[in-house]
Amino acid sequence: MDNRILYVRLPCNPIFPIGVIYLADHVHKQFPAVEQRLFDLGTVPPLDYASALDTCIDEFKPSLLVFSWRDIQIYAPVGGRGGNPLQHTFEFYYARNLLVKLRGAIGLLRVAQGYYGELWRNLGLIKRGMKRARRYNPAVRAVVGGGAVSVFYEQLGRSLPKGTIVSVGEGEALLEKLLRDKDFLDERCYVVGETTARDRMIHEVPTPIEKTACDYSYIETIWSEFDYYLQAQDFYVGVQTKRGCPHNCCYCIYTVIEGKQVRINPAEEVVAEMRQLYDRGMRNFWFTDAQLIPARKYIDDVAELLQKVLDAGMSDIHWAAYIRADNLTPALCDLMVKTGMNYFEIGITSGSQELVRKMRMGYNLRTVLENCRDLKAAGFNDVVSVNYSFNVIDERPETIRQTIAYHRELERIFGADKVEPAIFFIGLQPHTHLETYAFAQNILKPGYDPMNITPWTVRKLLWNPEPLGSLFGEVCLQAWQQNPNDFGREVMAILEQRLGRAELETALTAPISPAKPLALSTSS
Ligand code: B12
Ligand code: SF4
């Protein structure tokens, strides 16, 4: 029978479904005769999910269902679809006032209901889709993948129908092998009820593929909701310029999902892809790389890309990305501003060089400041979001004072209204160094369920251990009470009032001996 592939992006906030678009593009380039359709439940109202899926299957009669699941972990780190899980958790655990505690408990129940509701709903949609598609093709197969599946592949398999293929990371090579009827089990995947996930499968190196510009004139023929994203002027459309991150930050799983090997998409292909979107009216782009400039040796590649964007005449665009601001040069800063970067996120996590080193982040905070000055001098006058996760490893009042000093310096550089402190509490994820550390510290036991969100598990997974846990709990509660609309800045102000500010220089220097990187009991 001819292959007919239906890509179903499972419900999700309307973020451009770049993952399934790239898969469909790759398959089309390898197998031009295969019929494909893309169906994005992110654009469908919740009450219509089931009926819209049924209609799509009835019309298309797929032989292969490709389900893409983007996110699951709504409690990490701030603001989620079921309300603000962090706020409820902190109210429940740290509020002194019994009424606030009760409000926290009720809030948590609501979050749990939303979380499990979404989980079961998505699993239900997969089962429903399979059942419906069997009416037309008894041998229909399902493959599930995407960001959420990559993180929770071990747990999700327990709830999926027998025979479902569960995939980790990039799916291009797997789909290609499936369509060629080749053995695919050497890809990062397993088949529910038939094989199990290999030990440390997520750490296996992804099969490299050569990425060319996505062919949007093809994509628009298989995706009727494309216009939904084109019409809204404020969407940042995803464009990937590379895969992989060579760093080792203790809490991060990107470096495992995408692998440490950085694979760069040719600049002309990236620009050709952007140009197609540009010609269709798109002006906002999000470079979806784990890091746009993962290390200094990639500076030239990014400069080449941005220069090509300029040369292509796309002079009225805006773009955003995760940026490791220790990898900038004045010339690159200039290009970033000229090409319209109007938002970026720096994930330094702490303003204390000592802690940054303990978290294995490889950042030099002094260099970050110097580069930020270059960026400002180049004319950057937009918003930068700086992610701080207090209390990750060995936090002390002194290191908090250092973070305040660091943050105030960033404000001095960019302007206080331009630097948004994003206060995260790390959501502990499987397969990270932090998880290993939690085992070694007896905070978690191997075999725990990372998808369980009972308050006592969330309390551990939302990393905020004592003795400082209660202090941060209290500070956050006070900030929500005093200024819920500017939570991050309020947290910083309260911490500064309570603990004071260190000299900037102390934040930038890490004593070598006591600041050993995170010690782990197992190798990684
Ligand atoms: C860029 C990014 C963002 C940007 C997106 C900008 C934009 N306009 O696109 C921003 C900053 C907005 C963002 C926000 C969030 N994100 Co985010 N984000 C990412 C990141 C770094 C890359 C995602 C991406 O687009 N990659 C490029 C595309 C091409 O890859 P892809 O979609 O993953 O698809 C590939 C594979 O997954 C696979 N694949 C996909 N589907 C399928 C299906 C099958 C069957 C197969 C075989 C393969 C397959 O093949 C595709 C092509 O190679 C990932 C981490 C990572 N490195 O993957 C996190 C990630 C997706 N985000 C995540 C989360 C949680 C969020 C938030 C919900 C966080 C929060 N609590 O606020 C928010 C909100 C998102 C929402 N839905 O509302 C999680 C999701 C997993 C989870 N923990 O639940 C991830 C995995 C990070 C993590 N480690 O936790 N994010
Ligand atoms: S630099 Fe960013 S993407 Fe890379 S490992 Fe660290 S946190 Fe993860």
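**How the chain is packed**

Q: What share of the contacts in the chain between residues at least 6 apart in sequence join residues at least 24 apart?
A: The share is 75%, where contact means heavy atoms within 4.5 Å. This is a predicted model, in which local features need pLDDT of at least 70, side-chain atom pairs count only at pLDDT 80 or more, and totals for chains, interfaces and linings use all residues. Residues are numbered from 1 along each chain as its sequence is written, and side-chain values use heavy atoms, with hydrogens and water left out.

Q: Why is the chain called as compact as a globular protein of that length?
A: Its radius of gyration is 23 Å, close to the 24 Å that the globule rule gives for 524 residues, so the chain is as compact as a globular protein of that length. The radius is taken over C-alpha atoms, and the rule is 2.2 Å times the number of residues to the power 0.38.

Q: What makes a residue count as buried, and how many of the 524 do?
A: Buried means under 20% relative accessible area, with a 1.4 Å probe and protein chains only; 58% of the 524 residues meet this.

Q: What makes the set of 171 residues a nonpolar core?
A: A nonpolar core is a set of buried Ala, Val, Leu, Ile, Met, Phe, Trp, Tyr and Cys residues joined through side-chain atoms within 4.5 Å. The largest such set has 171 residues, and F414 is one of those with the most contacts inside it.

Q: Which residues is F414 in contact with, leaving aside its neighbours within four places in sequence?
A: F414 touches F344, C372, L375, K376, F380, V384 and V419.

Note on methods. Chains lettered and ligands numbered in written order. Buried < 20%, exposed > 50% of the residue type's maximum accessible area, 1.4 Å probe, protein only.
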